[in-house]
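Let's walk through this structure together and ask, at each stop, what earns a label its place. Have the model open beside you as we go.

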Amino acid sequence: MKNKTIAICYDFDKTLSPNDMQAQGFIQSIGYDVQEFWMESYNIAKLNDMDSNLAYMYMMVNKAKGKINLTKNLLKEFGKKIELYEGVQNWFDRINNFGKNLGLVINHYVISSGLKEMIEGTSIANKFTEIYASSFLYDEKGFPVWPAMSINYTNKTQFLFRISKGINKVYDDRVNDCFQSYKIPFNNIIYIGDSATDVPCMKLTLKYSGKAIGVYNPALNDKMKVEKLLKEKRIDFYAPANYLENSLLDIKVKNIIEDIASNNR
């Protein structure tokens, strides 16, 4: 078999979790209504012609003052409260074992505009080869002093190239070098996301013969976003964000893995 490694790349909010991670404890802890927080963050970005992720990170630091001691450890504690879709807890081991039985290695990656520190606090953090998400630079006491990384919908695509080329660390600019062969070719990459913010990654993955999947919240049954993605040919198919064994998503992903194993023999 030529290429034995598959990369499954996930958005996080509303892909692995039904809600924005900041809205699952942090926003409430600083005395804000969730909608009010995001509206004020949007207005800051608009007023200052500012990246929207940098705006929400600024809001988090600024509005926490005098209310909570916002530290890296506290963000990880908030991460422990993040709700996950049904089946997510066991998904990674199950998919890994499925791939192993076909002679494949499955690596899982997060590419998210959410906060890395919060994702690191979840029970599934150790299932990922890398977590690419927005993050802070911290002082010696663990307090945020500057953004270390801001990931928006367009610069998400660089991480697909990092994964494919095996240049995993953000500081490593060799990602721009020309490679004769890739560690994980794009036709061994599966991207799973939920909305228009995932379109650049979906489009790039499909362009180079990978697979892109749209998911939606099964409790809400709102397929409008993913139906639009399918109509515009941004994804191969969509399914409810149900990660249980024998769910539609489980079956479809396993079918893709089987196809990759067959094509690579």
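Helices here are DSSP runs of H or I of at least four residues, numbered from the N terminus. One of them, helix α8, holds Leu-206. Please keep in mind that this is a predicted model.

Q: Is Leu-206 buried, exposed or partly exposed, and how do you know?
A: Its relative accessible area is 22%. Buried means under 20% and exposed means over 50%, with partly exposed in between, so Leu-206 is partly exposed.

Q: Which residues does Leu-206 touch, leaving out those up to four places away in sequence?
A: Leu-206 touches Lys-211, Ala-212, Lys-233, Arg-234, Ile-235 and Asp-236. For Lys-233, which is 27 residues from Leu-206 along the chain, the two C-alpha atoms are separated by 9.0 Å.

Q: Why is α7 called oblique to α8?
A: Helix α7 (residues 157-165) and helix α8 (residues 199-207) pack at an angle of about 40°. Angles under 35 degrees count as roughly parallel, and 65 to 115 as roughly perpendicular. The angle of about 40° fits neither class, and that makes α7 oblique to α8. The axes of α7 and α8 are 8 Å apart.

Q: Which residues make the contact between α7 and α8?
A: From α7 come Thr-157, Leu-160 and Phe-161, and from α8 come Pro-200, Cys-201, Leu-204 and Thr-205. By type, five residues of this contact are nonpolar, two are polar and none is charged.

Q: What makes α7 largely enclosed by the rest of the structure?
A: Seven of the nine residues of α7 are buried, so α7 is largely enclosed. The buried ones are Thr-157, Phe-159, Leu-160, Arg-162, Ile-163, Ser-164 and Lys-165. They pack against β1, β2 (105-115), β3 (130-138), β4 (144-149), β5 (189-193) and α8.

Q: Which residue follows α7, and what is its phi?
A: Gly-166 follows α7, and its phi is positive, near 80°. Gly-166 is found in the loop between α7 and β5. Its relative accessibility of 29% falls between the 20% and 50% cut-offs, so Gly-166 counts as partly exposed. The C-alpha atom of Gly-166 is separated by 7.4 Å from that of Ile-184, 18 residues apart along the chain.

Q: How do you know that Tyr-10 is buried?
A: The relative accessible area of Tyr-10 is 0%, and the cut-off for buried is under 20%, so Tyr-10 is buried. Tyr-10 is found in strand β1 (residues 5-10). Among the residues it touches are Leu-16, Trp-91, Phe-92, His-108 and Ile-192. His-108 is 98 residues from Tyr-10 along the chain, and their C-alpha atoms are separated by 7.7 Å.

Q: Why is there no disulfide between Cys-201 and Cys-9?
A: A disulfide needs two cysteine sulfur atoms within 2.5 Å. The closest cysteine sulfur to that of Cys-201 is in Cys-9, 7.8 Å away, which is too far for a bond. By this rule the count comes to zero disulfides.

Q: What makes Cys-201 buried and Cys-178 exposed?
A: At 0% relative accessibility, Cys-201 is under the 20% cut-off, so it counts as buried. Cys-178, at 70%, is over the 50% cut-off, so it counts as exposed.

Q: Which residues touch the most other members of the largest nonpolar core?
A: In this core of 58 residues they are Ile-8, Phe-12, Phe-26, Leu-115, Met-118, Ile-213 and Tyr-243. Apart from it lies another core, of 21 residues, including Ala-7, Tyr-132, Leu-160 and Cys-201.

Q: Where do Asp-49 and Asn-221 lie?
A: Asp-49 lies in the loop between α2 (34-47) and α3 (52-64), and Asn-221 in the loop between β6 (211-216) and α9 (224-231). Asp-49 has a positive phi of about 45° although it is not a glycine. Asn-221, also a residue other than glycine, has a positive phi near 55°.

Q: What makes Asp-49 exposed and Asn-221 partly exposed?
A: With a relative accessible area of 74%, Asp-49 is over 50% and therefore exposed. Asn-221, with 47%, is in between the cut-offs and therefore partly exposed.

Conventions: Residues are numbered from 1 along each chain as its sequence is written. This is a predicted model: local features need pLDDT of at least 70, side-chain atom pairs count only at pLDDT 80 or more; totals for chains, interfaces and linings use all residues. Side-chain values use heavy atoms; hydrogens and water are left out. A nonpolar core is a set of buried Ala, Val, Leu, Ile, Met, Phe, Trp, Tyr and Cys residues joined through side-chain atoms within 4.5 Å. Buried means under 20% relative accessible area, exposed over 50%, partly exposed in between (1.4 Å probe, protein chains only). Axes are lines fitted to C-alpha atoms, for helices over the stretch in contact, and angles run from 0 to 180 degrees between N-to-C directions. Helices (H or I, at least four residues) and strands (E, at least two) are DSSP runs, numbered from the N terminus. Angles under 35 degrees count as roughly parallel, over 145 as roughly antiparallel, 65 to 115 as roughly perpendicular and the rest as oblique. Contact means heavy atoms within 4.5 Å. Ala, Val, Leu, Ile, Met, Phe, Trp, Tyr, Cys and Pro count as nonpolar, Asp, Glu, Lys and Arg as charged, and the others, Gly among them, as polar.
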